[in-house]
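Colleague: I'm new to this one, could you walk me through a few of its backbone details and then a helix?
Modeller: Gladly, let me put it up for both of us.
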Amino acid sequence: MIITRRAFTAALSLTGLAALAGLAPLRLITSASAQSASDVAKPVSLPDMVLGSADAKVTITEFASMTCPHCAAFNAETFPKIKSAYIDTGKVRYIFREFPLDIKAAAGSMLARCIANGDAPKYFAVTDMLFRQQNDWVAKNTTETLARIGKQAGLSQQQVETCLKDQTLLDKIAADQKYASDVLKVDSTPTFFVNGERIKGEASFEEFQKKIDPLLKS
């Protein structure tokens with residue numbers, strides 16, 4: 001599925017995000033196959049947002065949409081366990097990549113990038129806030145809630161609006177999504193790669209343990 005400029009603009013008008021009208025389309029695809037760890041690790045348009053040691057034996061790459069309820073559930077229930085057991089102990093390097101499934105998800109990702117300004121821990125803190133408040137800003141007052149989150153993080157109303165009009169930023173998010181879909185065959189969220197091996201869907205902590213622990217011993 002491809003979101004055209006016309007559909008993009010119409011969707012924004014309905015959601016109160018008309019400031020984003022005219023931005024480049026986001027491309028949504030469907031297909032799936034295994035990919036190599038080197039394909040997953042290749043540089044993308046935006047700097048990777050990373051937690052954990054660069055020397056970790058295991059790298060987990062997550063592709064998520066900020067409006068995805070399964071992504072929010074993973075963020076609330078499973079990610080804190082992975083962080084405590086593996087990321088904070090230097091065993092896992094964790095990369096988060098945007099794969100917006102709709103215009104609101106794109107707006108949330110853009111805001112997180114603008115607030116973080118390259119600071120990975122801050123970026124993860126903002127995405128955590130967006131996931132935890134997902135029902136508020138996705139289902140109801142999208143514009144107002146995103147503006148409030150931006151202001152809480154130190155942005156002015158004008159800075160939030162400028163962020164959400166940033167054509168270059170959206171183009172980079174769209175380009176990274178295209179790479180993920182075309183090359184890595186990501187077609188749903190959340191999708192994870194553990195040293196290149198795919199895990200689709202809201203996997204449990206125990207499922208990740210089964211993938212991670214043997215790699216740490218090898």
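Colleague: Where is Pro190 found?
Modeller: In this predicted model, Pro190 sits in the loop between α10, which covers residues 167-182, and β4, which covers 191-194.
Colleague: And what kind of peptide bond joins Thr189 and Pro190?
Modeller: The bond joining Thr189 and Pro190 is cis, with an omega of about -5°.
Colleague: Staying with that loop, what is the phi of Lys185?
Modeller: Lys185 is not a glycine, yet its phi is positive, at about 60°, and this residue too belongs to the loop between α10 and β4. Its relative accessible area is 25%, so Lys185 counts as partly exposed.
Colleague: Switching spots, where does Asn117 lie, and is it buried or exposed?
Modeller: Asn117 lies in the loop between α5 (103-116) and α6 (120-132), and because its relative accessibility is 68%, over the 50% cut-off, it counts as exposed. Asn117 also has a positive phi, of about 50°, although it is not a glycine.
Colleague: Now the helix: how many residues does α11 have, and how far does it reach?
Modeller: Helix α11 spans residues 205-217, which is 13 residues, and from its first C-alpha to its last it reaches 18 Å, close to the 18 Å expected at 1.5 Å a residue.
Colleague: Which residues of α11 are buried?
Modeller: Those are Phe205, Phe208 and Ile212.
Colleague: And what covers them?
Modeller: The cover over the buried residues of α11 includes the strands β2 (58-64), β3 (92-98), β4 and β5 (197-200), along with the helices α3 (69-77) and α4 (79-87).

Definitions and conventions: Residues numbered from 1 in each chain as written. Predicted model: local features only at pLDDT ≥ 70, side-chain atom pairs only at ≥ 80, totals over all residues. Heavy atoms only, no water. Helix = DSSP H or I, 4+ residues; strand = E, 2+ residues; numbered from the N terminus. Buried < 20%, exposed > 50% of the residue type's maximum accessible area, 1.4 Å probe, protein only. Expected span 1.5 Å × (residues − 1). Contact = heavy atoms within 4.5 Å.
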